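Good morning, colleagues. I would ask you to have the sequence and the coordinates open while I speak, beginning with the aromatic contacts.

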Amino acid sequence: MDLRFGDSKPTDEERAAVDALLGPPESSWEGADRSDADLRWARGGREARDRRDQLLPALHALNDRVGWISEGALDYVCRRLTVPPAEAYGVATFYAMFSVRPRPATVLHVCTDLACTAAGASELCAAVETRLGPQSGVKVERSPCLGLCERAPACLVIRAGESARLGVPPLGELEDEAVQAECGGPGAAAPRDGKAKGRRGRNTLHATAVCAPATPDGAVQAATSPETAPTEPAPETAVPQTGAPTLTLLHRVGTVDPASLDDYRAHGGYTALRRAFALGPAAVIREVTDAGLVGRGGAAFPTGRKWQATAAQPDHPHYLVCNADESEPGTFKDRVLMEGDPYALVEAMTIAAYATGAHRGHLYLRGEYPRALARLTHAIEQARTRGLLGDDVLGQGYAFDIEIRRGAGAYICGEETALFNSIEGHRGEPRSKPPFPVEKGLFGKPTVENNVETLVNVLPILTMGAEAYAAIGTPTSTGPKLFCVSGSVARPGVYELPFGATLGELLALAGVRDNLRAVLLGGAAGGFVRPDELDIPLTFEGTREAGTTLGSGVVMAFDDTVPLPRLLLRIAEFFRDESCGQCVPCRVGTVRQEEALHRIADRTGAAAADDIALLREVGRAMRDASICGLGQTAWNAVESAIDRLGAYE
């Protein structure tokens with residue numbers, strides 16, 4: 001039986017939000033007033049079905065304007081896109097940042113994940129909830145990782161409304177006054193149509209304020225008076241090595257104006273793209289293959305092989321997808337790259353698309369990154385204006401353009417096929433493989449998907465050459481690697497080191513504190529190591545031989561002031577909450593894991609033995625039978641804490 005919304009009607013404000021994105025309805029079948037022609041035939045159904053991928057942007061438009069998604073508004077979106085109401089409701093309720101129940105226009109998201117928990121997020125949240133009562137007009141929500149781990153504890157304010165202004169600095173640096181006004185810079189009201197001008201499906205730059213590190217006073221001020229909230233630090237503050245001559249991927253962060261295309265080009269920008277055009281697509285793929293570049297998202301799949309497999313597919317069109325939905329607790333390297341060097345990502349995506357025969361790129365950006373959204377929106381617009389995107393890139397007769405898609409708070413959408421479903425307007429649930437994305441990916445067409453760090457590595461490969469790039473690191477793990485260091489260290493942030501450096505060397509740079517108890521590698525899906533294991537080489541093969549994982553480069557240090565059982569319970573809560581529920585092993589297993597950890601939170605030894613045995617059985621079932629990596633890795637950190645750290649002895 002289909003879901004129906006009865007007599008619920010959208011308000012004028014809700015209609016305006018949707019129409020600003022999709023354009024006015026053309027017939028009563030799409031929600032317009034009924035005309036005589038509409039009584040004779042139905043019009044526009046085929047075109048509306050072809051726009052199913054606009055469902056997620058339409059939900060964002062409503063959430064940005066009103067703050068929540070009513071039945072009447074959802075019914076109007078369904079009419080506009082001819083999406084069954086049950087399916088649209090399933091999508092709207094899938095994402096943590098959306099609400100289908102009334103809530104205030106201002107929502108304060110307080111991060112309660114690993115780094116923030118260790119920094120006192122529970123106490124912060126309790127204090128904020130006490131001070132912001134029901135009369136404040138602010139909804140306080142406990143949030144998973146906001147990607148601000150180097151400044152923990154952190155919170156993010158999102159304020160809905162047509163006249164809301166961005167609280168995300170430093171948009172005043174934007175070089176183009178029209179773009180500054182469009183993005184809501186200082187003194188500029190947000191566009192009245194609720195979206196940036198230009199192409200269909202462009203993103204609303206909604207009102208936000210970031211408070212990190214957060215205090216009760218700062219969080220309350222950010223929620224109630226975002227225009228007076230403290231300025232968010234520049235991206236380079238997250239890079240303790242800023243200015244070091246050894247940097248390859250981060251060398252422009254802090255030294256180049258991220259808003260200036262001219263400044264980017266003056267510092268070597270678009271040299272790699274020009275060399276790519278000189279080499280040709282096949283030679284570019286050969287360079288990437290010879291360089292030994294592998295994916296930096298955790299799977300470590302050879303990038304050249306993925307590109308070659310996509311380029312060889314006879315089915316067209318081909319698509320390029322940049323996965324910028326880094327939601328792994330403890331991960332924030334892609335955020336720093338996008339905020340501090342956005343043109344590098346635009347250039348790298350253009351090279352990847354040229355090599356694989358794609359003419360359309362989708363940049364899937366997590367919804368909790370407002371400054372990255374502003375910076376990338378501006379960079380793409382400038383590149384398009386200057387002939388670096390569009391129908392004739394650099395006068396080479398090659399057409400390519402990029403569209404940003406905002407996520408809405410779903411860790412599972414970091415899995416590539418779940419990401420495709422999200423872009424297409426479906427629930428972000430993983431697909432079974434095969435077929436693999438290189439054969440049938442986005443919209444059922446050959447698709448190459450890479451994360452931000454992987455793509456940015458392509459630039460030095462083409463500028464310095466594959467042989468010189470491969471000389472960095474080790475023979476099997478080549479090139480530089482970015483590591484996100486947080487927790488019990490003096491200088492948290494993003495560090496760039498060649499593969500092969502040891503964990504101890506990295507922590508020495510970050511200033512690890514005394515009485516270190518454990519280090520979590522790879523984030524919530526990774527594993528713990530002991531303080532006497534700091535000689536582990538930071539390579540894919542080195543961590544594998546040590547019985548742990550490098551993952552996406554998360555390194556979280558914890559001293560003996562952090563209660564380990566509470567940390568493990570937070571990891572279990574995270575996986576239970578983020579499971580999409582599609583497969584039984586993950587849907588049930590993550591719940592059973594959390595229940596067992598609740599039972600043994602304050603027990604040790606024989607009292608905990610039965611539940612530890614149950615945890616092992618549940619963990620094996622999830623690892624062996626789950627559809628995707630979320631369920632397959634949900635037991636990793638807990639298992640390593642029990643076996644390597646003796647968490648419950």
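Ring pairs join F277, Y354, Y398 and F400 into a cluster. Please bear in mind throughout that this is a predicted model. In the structure there are 14 aromatic pairs. One of them brings together F277 and Y398, whose ring centres are 6.3 Å apart; because their planes meet at 65°, the pair is classed as edge-to-face. F277 belongs to helix α11, residues 271-279, whereas Y398 sits in the loop between α16 (370-385) and β7 (401-406), so this contact ties together parts that are 121 residues apart in sequence. Both F277 and Y398 are buried.

A further edge-to-face pair is formed by Y411 and F575, at 6.3 Å centre to centre and with 75° between the planes. Here too, distant parts of the chain are linked: Y411 is in the loop between β7 and α17 (416-424), F575 is in helix α23, and the two are 164 residues apart. Y411 and F575 are both buried.

Helix α11 deserves one more remark, as L273 is found in it as well. Why does L273 count as buried? Because its relative accessible area is 0%, and the cut-off for buried is under 20%. The C-alpha atoms of L273 and A348 are 7.7 Å apart in space, although 75 residues separate the two in sequence.

Let me turn to the arginines. Two of them lie over aromatic faces: R305 over that of F301, at 5.3 Å from the ring centre, and R366 over that of Y369, at 5.1 Å from the ring centre. A further arginine, R65, lies in helix α3, which spans residues 55-66. Its relative accessibility is 8%, so R65 counts as buried. Between R65 and R159 the C-alpha to C-alpha distance is 8.8 Å, with their positions 94 residues apart in sequence.

Next, the cysteines. How many disulfides does a search of the whole structure find? The result is 0. C149, for instance, is in no disulfide; the nearest cysteine sulfur, that of C145, is 3.5 Å away, while the cut-off for a disulfide is within 2.5 Å. With a relative accessibility of 6%, C149 counts as buried. For C628, the closest cysteine sulfur is in C580, and because the separation is 6.2 Å, it is too far for a bond. C628 is likewise counted as buried, at 10% relative accessibility.

I close with a pocket, the second largest, whose volume is about 630 Å³. Its lining comprises 31 residues, and those nearest the centre of the pocket are Y95, A96, M97, G409 and D577. What is the make-up of the lining in terms of nonpolar, polar and charged residues? The lining of this pocket divides into 14 nonpolar, 7 polar and 10 charged residues.

Which elements each supply at least two residues of that lining? They are α5 (85-92), β2 (138-143) and α23 (564-578). The largest share, 6 residues, comes from α23. That brings us back to an element already mentioned, since helix α23 also holds F575, the partner of Y411 in the aromatic pair.

Thank you for your attention; I would welcome any discussion.

Notes: Residues numbered from 1 in each chain as written. Predicted model: local features only at pLDDT ≥ 70, side-chain atom pairs only at ≥ 80, totals over all residues. Heavy atoms only, no water. 1 Å grid on protein atoms, 1.4 Å probe; cavity = no way out; pocket = protein on both sides within 12 Å on 5 of 7 lines; lining within 4 Å. Points joined across faces, edges and corners; volume = space filled by probe spheres on them. Helix = DSSP H or I, 4+ residues; strand = E, 2+ residues; numbered from the N terminus. Nonpolar A, V, L, I, M, F, W, Y, C, P; charged D, E, K, R; others polar. Buried < 20%, exposed > 50% of the residue type's maximum accessible area, 1.4 Å probe, protein only. Phe/Tyr/Trp six-rings, centres within 6.5 Å; stacked < 30°, edge-to-face > 60°. Lys NZ or Arg CZ within 6 Å of the ring centre and 35° of its normal.
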